[in-house]
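Here is a friendly walk through one protein fold, written to be read with the structure open beside you. Please take a look at the model first, then follow along.

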Amino acid sequence: MDRNALNAFLDSDFAEVAQMFRVDAAQDNALTLRLLPSPAHLRPGGTVSGPTLFALSDVAVYLTILSMIGPKALTVTTNASMDFMRKPPAGVDLLCETRLLKLGRVLAVGDALIFAEGDTRPVARASMTYSIPPEG
């Protein structure tokens, strides 16, 4: 699935959260997902909340997998580990850059780095594992 197909998939299958995200780029085993933060994503102190950063990394790696295997909506997260490294500023889009480390028949493993747009220092890092549903 290319960038346009992934954005259309978000709009059709995940309409309740699609307005939060836009796929900026999708290549083999890699993707860049943009979070369009709103006041609902902020926590006290003027920063984007941890659950929002988790959602960004989860959706980004999920879409990276789908870009390689097609629209298998029942691909699910089975493990996640996240490191929060610095406070992301409010009012700035966040970019999540992913890469797949393993894409097997049953499991996929990916890494995600989250950056505030315009800053090269990551604000968070995640390692995610997903179960891919069987064919048929």
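## A glycine in the middle of things

Leaving out neighbours within four places in sequence, glycine 110 is in contact with Val61, Arg99, Leu100, Leu101, Ala126, Ser127 and Met128. Keep in mind as you explore that this is a predicted model. Glycine 110 is found in strand 7.

Is glycine 110 buried or exposed? Glycine 110 is buried, because its relative accessible area is 0%, and the cut-off for buried is under 20%. Glycine 110 also makes a nice example of sequence distance against spatial distance: serine 57 is 53 residues away in sequence, yet the two C-alpha atoms are 9.8 Å apart in space.

## The sheet

Now for the sheet around that glycine. Strand 7 belongs to an open sheet of 6 strands, which has the order 1-2-6-7-8-5 and antiparallel pairing. At the edges sit strand 1 (21–27) and strand 5 (76–84), each of which pairs on one side only. From one strand to the next, the twist averages 20°.

As a reminder, strands of a sheet pair through backbone hydrogen bonds, either parallel or antiparallel.

## Walking across the strands

Let's start at strand 1. Strand 1 and strand 2 pair in the antiparallel sense over 6 bridges, and phenylalanine 21 has leucine 35 in strand 2 as its bridge partner. The two strands form a hairpin with 2 residues between them, and asparagine 29 in the turn has a positive phi of about 65°. On the next step, strand 2 is joined to strand 6 by 6 bridges, and these strands run antiparallel. Here alanine 30 has arginine 99 in strand 6 as its bridge partner; Arg99 was also one of the contacts of glycine 110.

Strand 6 and strand 7 come next, with antiparallel pairing over 9 bridges. Threonine 98 has alanine 112 in strand 7 as its bridge partner. How many residues lie between strand 6 and strand 7 in their hairpin? There are 3 residues between them. At the other edge of the sheet, strand 5 is joined to strand 8 (residues 122–131) by 8 bridges, and the two run antiparallel. Serine 81 stands opposite serine 127 in strand 8, and Ser127 is another contact of glycine 110.

## Helices on the sheet

Helix 3 (residues 50–69) packs on the sheet. Which strands does helix 3 touch? Helix 3 touches strand 1, strand 2, strand 5, strand 6 (94–103), strand 7 (107–116) and strand 8, and its direction makes about 50° with that of strand 6.

Helix 1 (residues 3–13) lies across strand 1 and strand 2 (30–35), running at about 150° to strand 1. At the start of helix 1, a side-chain oxygen of aspartate 2 reaches to within 3.2 Å of the backbone nitrogen of asparagine 4.

## The buried face of helix 1

Which residues of helix 1 are buried? They are Leu6, Asn7, Phe9 and Leu10. Seen down the axis of helix 1, these buried residues fall within an arc of 155°, so they line one face of the helix. A general point helps here: an α-helix has 3.6 residues a turn, so residues three or four places apart point the same way. The buried residues of helix 1 pack against helix 2 (15–18), strand 1, strand 2 and helix 3.

Asparagine 7 deserves a closer look. Asparagine 7 counts as buried because its relative accessibility is 8%, and the cut-off is under 20%. Not counting residues up to four places away in sequence, asparagine 7 touches Arg22 and Val23.

## Aromatic rings

The structure holds 3 aromatic pairs. In one of them, the rings of phenylalanine 9 and tyrosine 62 have their centres 6.4 Å apart and their planes at 40°, so the pair is tilted. Phenylalanine 9 lies in helix 1 and tyrosine 62 in helix 3, so this pair ties together parts that are 53 residues apart in sequence.

Phenylalanine 9 counts as buried at 5% relative accessibility, and tyrosine 62 is buried too, with a relative accessible area of 8%. Ring pairs link Phe9, Phe14 and Tyr62 into a cluster.

Key: Residues numbered from 1 in each chain as written. Predicted model: local features only at pLDDT ≥ 70, side-chain atom pairs only at ≥ 80, totals over all residues. Heavy atoms only, no water. Pairing = 2+ DSSP bridges. Helix = DSSP H or I, 4+ residues; strand = E, 2+ residues; numbered from the N terminus. Axes fitted to C-alpha atoms, helices over the stretch in contact; angles between N-to-C directions. Contact = heavy atoms within 4.5 Å. Buried < 20%, exposed > 50% of the residue type's maximum accessible area, 1.4 Å probe, protein only. Arc of directions from axis to C-beta. Polar contact = N/O pair within 3.5 Å; in protein donor to acceptor, adjacent residues only side chain to side chain. Phe/Tyr/Trp six-rings, centres within 6.5 Å; stacked < 30°, edge-to-face > 60°.
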